[in-house]
Amino acid sequence: MEHLRWLRTPKLDRPIMICAFEGWNDAGDAATSAARWLRDEWALEPFAEIDPEEFYDFTTLRPQVRIEDDHLRHIDWPVTELSAGRAGDTQTDVVVMVGYEPHLRWRTFCSEVVGLARAVDTRLVLALGALLAEVPHTRPVSVVGSSHDPALIDELDLRRSNYEGPTGIVGVLHDELARANVPSASLWASVPTYVPSATSPKAALALVRRTAQLLAVPVTPTDLEIASASYERQISEVVDDDDEMRGYVAQLETHYEHDDEPSSRALIDEVERFLRDQPTD
């Protein structure tokens with residue numbers, strides 16, 4: 001693990017690793033917002049980070065300069081941060097990894113993650129993602145879970161992933177984990193296509209709830225619930241002022257109401273379409 005920097009050695013009992021990456025698979029910042037919320041809610045402590053030097057194009061993802069209290073300049077690099085600890089008052093140990101999708105050397109990057117997962121004896125890696133989909137902002141957010149592992153599919157009520165086509169860092173990571181015999185799964189939340197640039201606490205809330213359900217860990221995301229209600233109200237105000245947009249959203253709502261399995265199959269289709277539409281150069 002050449003690029004992994006250990007800050008301390010945590011004492012963990014077969015933890016579950018939750019990971020999220022900023023970038024194209026993080027619509028509305030939902031996946032990383034959910035992962036950070038869980039990290040903060042459980043008061044997890046940093047224990048390792050992946051050095052960014054070999055994995056990022058700094059002309060695309062630039063470091064940030066800030067002035068500290070002593071008036072000295074400090075540069076924040078886009079490191080991948082890992083925190084660990086106990087999930088609330090339960091006996092479940094967790095690791096949360098949050099970072100940016102790498103630009104370079106994906107196999108090396110994933111090897112670092114797999115090496116860490118094996119070093120702490122991870123029993124499951126759960127990747128969070130979010131994508132733009134043809135869904136209304138006024139209805140519950142659909143979250144679809146998938147895996148290649150038949151045992152996990154049955155145990156966690158997931159769907160088998162049959163996707164073929166271009167993939168992102170999450171797909172490569174799942175492949176590397178499978179080769180290392182580390183079980184893994186994904187959760188994807190939907191964000192309305194007509195609000196592509198707004199942060200979506202509603203999708204983050206859905207991912208938090210579904211993650212907590214899979215881990216059998218209770219959470220009380222009151223702040224996300226309040227933010228979600230405000231998010232929905234603000235979008236509704238914008239939509240109500242636009243006749244064309246109001247009609248479009250009404251069509252989405254009608255489709256949602258008449259879907260026997262609201263948006264789950266459609267969301268899987270959207271995930272696959274979204275992946276295939278990504279630039280390959």
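**Covered strands and a helix crossing**

Me: Are the residues on the two faces of strand S11 buried or exposed?
Reply: One side of S11 carries Ser184, Ser186, Trp188, Ser190 and Pro192, and the other carries Ala185, Leu187, Ala189 and Val191. In a regular strand the side chains alternate between the two faces of the sheet. With buried taken as under 20% relative accessible area, exposed as over 50% and partly exposed as in between (1.4 Å probe, protein chains only), the residues on both sides of S11 are all buried.

Me: What pLDDT do local features need in this model?
Reply: Residues are numbered from 1 along each chain as its sequence is written, and side-chain values use heavy atoms, with hydrogens and water left out. The model is predicted, so that totals for chains, interfaces and linings use all residues, side-chain atom pairs count only at pLDDT 80 or more, and local features need a pLDDT of at least 70.

Me: Which strand pairs with S11 in the parallel sense?
Reply: Strands (E, at least two residues) and helices (H or I, at least four) are DSSP runs numbered from the N terminus, and two strands pair if DSSP finds at least two bridges between them. Strand S9 (residues 143-147) runs antiparallel to S11 and is joined to it by four bridges, with Val144 partnered by Trp188. On the parallel side, Ala127 stands opposite Ser186, and the nine bridges there are made with residues 124-133, strand S8.

Me: How are H2 and H4 oriented to each other?
Reply: The axes, which are lines fitted to C-alpha atoms over the stretch in contact, with angles from 0 to 180 degrees between N-to-C directions, come within 9 Å and cross at roughly 55°. Angles under 35 degrees count as roughly parallel, over 145 as roughly antiparallel, 65 to 115 as roughly perpendicular and the rest as oblique. H2 and H4 are therefore oblique.

Me: Which residues of H4 make the contact with H2?
Reply: Contact means heavy atoms within 4.5 Å. H2 contributes Trp106, Arg107, Phe109, Cys110, Ser111, Val113 and Val114, while H4 contributes Ile169, Val172, Leu173, Glu176 and Leu177.

Me: How many residues of strand S7 are buried?
Reply: Strand S2 (residues 16-22) pairs with S7 in the parallel sense over seven bridges, and strand S6 (residues 80-86) pairs with S7 in the antiparallel sense over six bridges. S7 is largely enclosed by the rest of the structure, because the buried residues among its eight number seven.
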